[in-house]
Amino acid sequence: MDLFQAYPQLAETESPALRGRLLRLISVAGFVYDETSYYFELGQSRFWGRLASGGASIGVGTAKIQPDGSFPLHHGLIRHIRKAWRFEAVLHPASYAYVLDESGGTHVVSDVTVSTPHFFVLTPPRLGGGEVPDALVQAVYLLPSRRVGPSPDAVSLLRVDRSALTDFLSVDVWRVRDALAQPWAELLTADTLPDDAYLQPVLALRGLRRLVEAGVIPGKSSDPALASLRQGLTEG
């Protein structure tokens with residue numbers, strides 16, 4: 001799906017990461033958090049990778065769906081979280097959006113509509129051929145939530161204390177047993193994970209790390225755009 005078809009409010013932006021570019025929206029994701037914790041989704045076993053050592057590599061990221069043409073896109077994401085996670089989530093209204101471009105730049109887009117995602121992560125296209133976009137895009141919302149049921153049985157979640165988010169993100173790859181040895185982490189799952197497996201951050205989580213390194217902590221900063229500008233990010 002074309003990014004500007006999904007989010008026409010971005011069409012007039014002066015952001016150099018967006019303006020005049022062919023951008024393809026490949027997925028819609030959301031960071032779920034409550035008053036005490038952030039919640040991250042672990043990849044299902046059929047998607048685990050294998051390391052040279054023979055151990056498993058488990059993707060850790062967010063709730064995610066593919067854009068299906070129905071609008072607004074975050075409604076489908078919230079329905080997925082309600083069904084698969086047994087959480088009730090709501091949209092955190094946006095006033096700013098961040099664009100994390102594929103070359104490592106971070107841009108602030110101001111005065112966006114309230115239904116705009118909190119940030120967009122751009123990556124280079126993976127395939128050649130005709131009509132290759134300039135970049136692929138994942139849109140990421142903030143979704144404050146309250147838990148309404150027991151631990152989910154359809155997905156595995158990693159709960160991280162909000163106060164420990166920086167500690168969690170400061171390590172590139174966690175071994176499962178090392179992560180669960182931390183007082184601020186808890187596994188919410190009906191499955192048993194190999195304790196020697198590695199948790200490998202996927203696209204949205206890598207984007208979150210870039211924001212946190214710039215001083216922007218979703219759901220915590222009172223004015224994330226001002227926080228980012230103090231770190232020398234680009235507005236527009």
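## A viewer tour, starting at Leu 165

Select Leu 165 and you land in helix H3, residues 165-169 (helices are DSSP runs of H or I with at least four residues, strands are runs of E with at least two, and both are numbered from the N terminus). Before moving on, note that this is a predicted model, where local features need pLDDT of at least 70, side-chain atom pairs count only at pLDDT 80 or more, and totals for chains, interfaces and linings use all residues. Residues are numbered from 1 along each chain as its sequence is written, and side-chain values use heavy atoms, with hydrogens and water left out.

**Around Leu 165**

Is Leu 165 buried or exposed? Leu 165 counts as buried, because its relative accessibility is 2% (buried is under 20% relative accessible area, exposed is over 50%, partly exposed is in between, with a 1.4 Å probe and protein chains only). Now show what Leu 165 touches: leaving out residues up to four places away in sequence, you get Tyr 38, Phe 40, Val 160, Leu 208, Val 212 and Ile 217 (a contact means heavy atoms within 4.5 Å). For a sense of scale, add Phe 4: its C-alpha atom is 32 Å from that of Leu 165, and the two are 161 residues apart along the chain.

**Into the cores**

Next, click on Phe 40. Ignoring neighbours within four places in sequence, its contacts include Phe 31, Val 60, Leu 158, Leu 165, Phe 168 and Leu 205. Zoom out a little to the largest nonpolar core, which has 39 residues; Phe 31, Phe 40, Phe 168 and Leu 199 have the most contacts inside it (such a core is a set of buried Ala, Val, Leu, Ile, Met, Phe, Trp, Tyr and Cys residues joined through side-chain atoms within 4.5 Å). Color helix H5, residues 203-213, to see what gives the most to this core: six residues. There is also a second, separate core of 37 residues, with Ala 63, Ile 65, Leu 77 and Trp 85 among them.

**Along helix H2**

Leu 77 and Trp 85 also take you to H2, where both are buried, as are Leu 73, His 74, Gly 76, Ile 78, Ile 81 and Ala 84. Try the distance tool on residues 73 and 85: the end C-alpha atoms of this 13-residue helix are 18 Å apart, which agrees with the 18 Å expected at 1.5 Å a residue (the expected span is 1.5 Å times one less than the number of residues). Step just past H2 and you find Arg 86 with a positive phi of about 65 degrees.

**Salt bridges**

Side chains of opposite charge can pair when their charged atoms come close. How many salt bridges are there? The count is eight, taking a side-chain nitrogen of Lys or Arg within 4 Å of a carboxyl oxygen of Asp or Glu.

- Select Arg 82 and Glu 88: their closest N and O atoms are 3.0 Å apart.
- Select Arg 21 and Glu 102, which meet at 2.5 Å, N to O. This pair links distant parts of the chain, 81 residues apart.
- Select Arg 159 and Glu 186, with closest N and O atoms 2.9 Å apart. Arg 159 sits in strand S11 and Glu 186 in strand S13. Add Asp 161 to see the network that shared partners make with these two residues.

**Last stop: confidence**

Color by pLDDT, the predictor's confidence in each residue, from 0 to 100. The average is 87, and 91% of the residues score at least 70. Over residues 221-236, though, pLDDT is below 50; this stretch has 35 contacts in the model beyond near neighbours in sequence. Where pLDDT is low, the predicted coordinates should not be read in detail.
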